[in-house]
Amino acid sequence: PGTPRPEPEPEPEPPTPEELGYIEYRDQKLPLLYDVEKCPYEKDLFRLEGSFMHYDDPDVDAYVGIDVSSYQGNVDWRKVKDAGIEFVMLRVGFRGYTQGTLNLDEYFIQNAKGASQAGLKVGCYFFSTATNEREAIEEAEYLLDAIEGLDIDYPVVYDWEVISASGARTAGLSNTTLTDCAITFCQSVALAGYTPMIYYNLPVGYTRYQLDRLVGYDVWFAQYAATPSMYYNYRIWQYSDKGSVPGIEGKVDMDLAFIPY
């Protein structure tokens, strides 16, 4: 009685990827890519207020945006702007999952003009199922034709995602070919005078793209979470697919950009 108990030893901090030389992802140990820029954002500075994410760093200007396709239907862009949304990423079109036909998003032109007239900054993306560089060029040219004459301030994005549907034409696509397609698309976009960007989530970023070959291209990173966990840097974070914004019926994807473009 009366004998003070010793203070418990604090838990040691887990080793960092720099100390380990690799990133632990699921059950994998991924070699650290020292040429790829590390993510600079601090997790404790993110703050969600309703559907709007904030990044409370006085040295970083963060901008709240949304991404929209035909799934959102008619949008009242004035209401969207008045709600505090600063930019929008619009789907220009997509290549079919199985047959590979190129398709224009039926609301793209209407959305691009309406968003610009309301004072929003506009970027765009193409959903790719390219299986070789020739198809990636074809997709880029299709997109560039569609956006000609429109006000595109934000990046033009290559959006490739894993398709689980049976008969998907991208099944079995190698990581090298996928990366080749992204580079080819981005080169075409850059030559046309736009800022190219590549979209991916954690599994595609870590296990599909050869990120050390994509150095120099901005990234739009998708992870629906309170704080992001991607080790490498990105310029836009898609943080939710369940946002609620005046002027849009139903849910919408929410984004945070860390540079103003």
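## Exercises: charges in a predicted chain

Asp159 sits in strand E9, residues 156–160 (strands, E, of at least two residues, and helices, H or I, of at least four, are DSSP runs numbered from the N terminus). This is a predicted model, where local features need pLDDT of at least 70, side-chain atom pairs count only at pLDDT 80 or more, and totals for chains, interfaces and linings use all residues. Residues are numbered from 1 along each chain as its sequence is written, and side-chain values use heavy atoms, leaving out hydrogens and water.

**Exercise 1.** Work out what surrounds Asp159 and which side chain of opposite charge is nearest.

*Solution.*
- Step 1: Asp159 is buried (under 20% relative accessible area; exposed is over 50%, partly exposed in between, with a 1.4 Å probe and protein chains only).
- Step 2: Look for a partner. Arg91 is the nearest side chain of opposite charge, but at 7.6 Å, and Asp159 has no salt bridge (that takes a side-chain nitrogen of Lys or Arg within 4 Å of a carboxyl oxygen of Asp or Glu; Lys and Arg count as positive, Asp and Glu as negative, with His and the chain ends not counted).
- Step 3: List the contacts (heavy atoms within 4.5 Å). Leaving aside residues up to four places away in sequence, Asp159 touches Tyr125, Phe126, Phe127, Ser128 and Tyr199.

**Exercise 2.** Find the salt-bridge partner of Arg91 and say whether the two residues are buried or exposed.

*Solution.*
- Step 1: Arg91 pairs with Asp105, at 2.8 Å from N to O.
- Step 2: Place them. Arg91 is in strand E6 (residues 87–95), while Asp105 lies in the loop between strand E7 (102–104) and helix H3 (108–117), 14 residues apart.
- Step 3: Asp105 has 1% relative accessibility, so it counts as buried. Arg91 is buried too, at 10%.

**Exercise 3.** Describe the bridge between Asp218 and Arg235.

*Solution.*
- Step 1: Their closest N and O atoms are 3.8 Å apart.
- Step 2: Asp218 belongs to strand E11 (residues 218–222), and Arg235 to the loop between E11 and strand E12 (236–243), with their positions 17 residues apart.
- Step 3: Asp218 is buried at 17%, whereas Arg235 is partly exposed at 25%.

**Exercise 4.** Which residues form a network through shared salt-bridge partners?

*Solution.*
- Step 1: Start with Asp56 and Arg47, whose closest N and O atoms are 2.8 Å apart.
- Step 2: Asp56 is partly exposed at 37%, and Arg47 is partly exposed at 36%.
- Step 3: Add Glu49: shared partners join Arg47, Glu49 and Asp56 into one network.
- Step 4: For context, the structure holds 10 salt bridges.
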